Each structure stands twice: as C-alpha cells, then as structure tokens.
Amino acid sequence: MTPTPKTVLYMRVSTAEQTSGHQLAQAREAGFDIEDQNVITDHGVSGVSTRLKERDQGRRLYDLLQPGDTLLVRWVDRLGRDYEDVKEVIETFNKRGVTVSTVINGMTFEADHKLTDPTQKASRNAILGFMAALAEADATAKKEARRAGIAHAKASADAPRKYRGKKPSFDRQSFNAVQSMLAKKAHTVSAIARETNLSRQAVLRIRDEPEAAEAALQRWGM
C-alpha cells in the first residue's frame with residue numbers, strides 16, 4: 001500500500017531563549033495541516049556553521065521523508081549555511097520526490113516528478129537560486145551587524161571589563177578533552193558529546209572554531 005503523503009515541518013532555533021512554538025503556530029495559521037508527530041525541531045543549533053545532515057534532528061529528515069511528501073520550513077535559510085548548501089539540500093529532496101515549501105511568502109519548490117515540462121523545472125531552479133542567494137545575503141548582513149556591534153563594544157573605554165560575550169558551555173577541562181579525542185579521530189561528534197557531557201553544537205564549535213573557543217575561555221578566565 002502506498003503511504004499517504006505527509007507534510008513535515010522542520011524548525012531550527014539557534015539559542016536556548018528562542019522557542020519553536022510560534023513557528024508551528026505560524027505554519028498552521030498559513031493553512032498547513034501538520035500532525036504533531038511530523039514536527040521536527042533542532043534546538044541550540046547554528047545554521048551558519050552546521051549543515052542539515054550534521055544536526056541531530058535535521059538528518060532524520062533524510063529517512064523520514066518519502067516521495068510525495070512535503071518538507072515545510074519557515075524560510076529556506078533553515079535548511080543550510082549558505083547559498084550552495086541551501087540549494088543542494090532542496091535539490092536533493094526534489095530529486096527524491098519531496099516538495100519543499102516555505103511558510104514565509106508561500107514559496108514552493110516542486111518535486112522533480114511533478115514537473116514534466118522542462119520550462120517548469122528551469123523556472124523552479126531559477127527561483128531556487130535567487131531565494132538561496134537572498135538567504136545567504138541576509139545571513140551575511142546579520143553577521144556583519146553583529147561584528148560591528150562587538151567592535152563598538154570592544155572600543156568603549158570599559159570594554160575589557162564589560163565585554164566578554166556569552167559564557168561558553170564548556171570549561172577548560174572539557175575543551176582539552178574534546179580536542180584530544182578529535183585529534184585521535186577515533187570518535188564521532190556524537191560520541192565525544194556523550195563522553196564529555198557537552199552538546200553536539202559545543203563539540204562542533206570546538207572542532208570548527210578552536211581559536212574562537214579558546215578566546216571565549218580566556219575572556220571568562222576559564
């Protein structure tokens with residue numbers, strides 16, 4: 001028996017202070033019929049540094065979604081780190097027979113099997129390229145704004161005392177333990193997270209941005 005097509009809502013919230021509830025409510029208000037078991041959320045995950053397949057819940061989508069299903073996201077930036085990443089993710093799902101839709105602006109990127117006319121596919125790909133590039137430009141603008149704010153804070157007279165940024169979730173001991181296990185290349189990120197009682201995101205930060213992680217420890221005297 002062919003399974004009934006389903007809509008799966010994927011949400012990513014990057015900080016502990018953010019919640020996913022408003023995104024689900026917004027999707028339902030937009031007319032999408034989403035069952036509770038088809039709501040997938042990654043908490044505390046940065047979209048700038050972590051690919052969809054590297055996220056705890058993001059990688060579930062590749063097993064959960066079947067031909068005929070729809071992957072729903074608030075906006076395309078939920079699916080990748082930059083233009084190429086977003087484009088690759090959506091194209092991969094389209095080829096698998098999965099349609100990708102957005103809550104904002106109601107964008108739809110139809111699955112390949114639904115587009116029998118080459119012109120339709122060309123139009124979809126052109127829109128996808130534009131939307132992915134727009135998402136990357138927006139992320140870059142926000143990043144530059146944060147950098148400008150940090151630079152301003154550091155330039156103030158009492159910056160050395162006041163500006164330390166967010167306290168890292170790891171201490172010197174766990175930082176050294178993660179680096180040691182990474183150097184041995186015998187453990188996965190998930191295994192290291194379990195061994196050190198850190199989140200995968202913290203391990204990924206130490207792996208991908210060791211200098212920034214070290215600087216954070218020094219700022220907090222850890």
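Contact here means heavy atoms within 4.5 Å. The model is predicted: local features need pLDDT of at least 70, side-chain atom pairs count only at pLDDT 80 or more, and totals for chains, interfaces and linings use all residues. Residues are numbered from 1 along each chain as its sequence is written, and side-chain values use heavy atoms, with hydrogens and water left out.

**Stop 1: helix H1**

Select residues 21-29, which form helix H1. Helices (H or I, at least four residues) and strands (E, at least two) are DSSP runs, numbered from the N terminus. Now pick glutamine 23 in H1. It counts as buried because its relative accessibility is 6%; buried means under 20% relative accessible area, exposed over 50% and partly exposed in between, with a 1.4 Å probe and protein chains only. Apart from neighbours within four places in sequence, glutamine 23 is in contact with Met11, Arg12, Val13 and Arg74.

Add Leu24 and Ala27, which with Gln23 are the buried residues of H1. Looking down the axis of H1, these residues fall within an arc of 100°, so they line one face of the helix. The arc is that of the directions from the helix axis to the C-beta atoms. To see what this face packs against, show strand E1 (7-13), strand E2 (39-43) and strand E3 (70-73). Then move to glycine 31, just after H1, where phi is positive at about 100°.

**Stop 2: H6 and H9**

Select helix H6 (residues 172-184) and helix H9 (residues 210-219), which pack at an angle of about 165° with their axes 11 Å apart. Axes are lines fitted to C-alpha atoms, for helices over the stretch in contact, and angles run from 0 to 180 degrees between N-to-C directions. The angle therefore makes H6 roughly antiparallel to H9; under 35 degrees counts as roughly parallel, over 145 as roughly antiparallel, 65 to 115 as roughly perpendicular and the rest as oblique.

Show side chains for the contact: Arg172, Phe175 and Gln179 of H6, and Pro210, Ala213, Glu214, Leu217 and Gln218 of H9.

**Stop 3: H6 and H8**

Keep H6 and add helix H8 (residues 200-208); the two axes come within 10 Å and cross at roughly 70°. H6 is therefore roughly perpendicular to H8. On the H6 side, select Phe175, Val178, Gln179 and Leu182, which meet Val203, Ile206 and Arg207 in H8.
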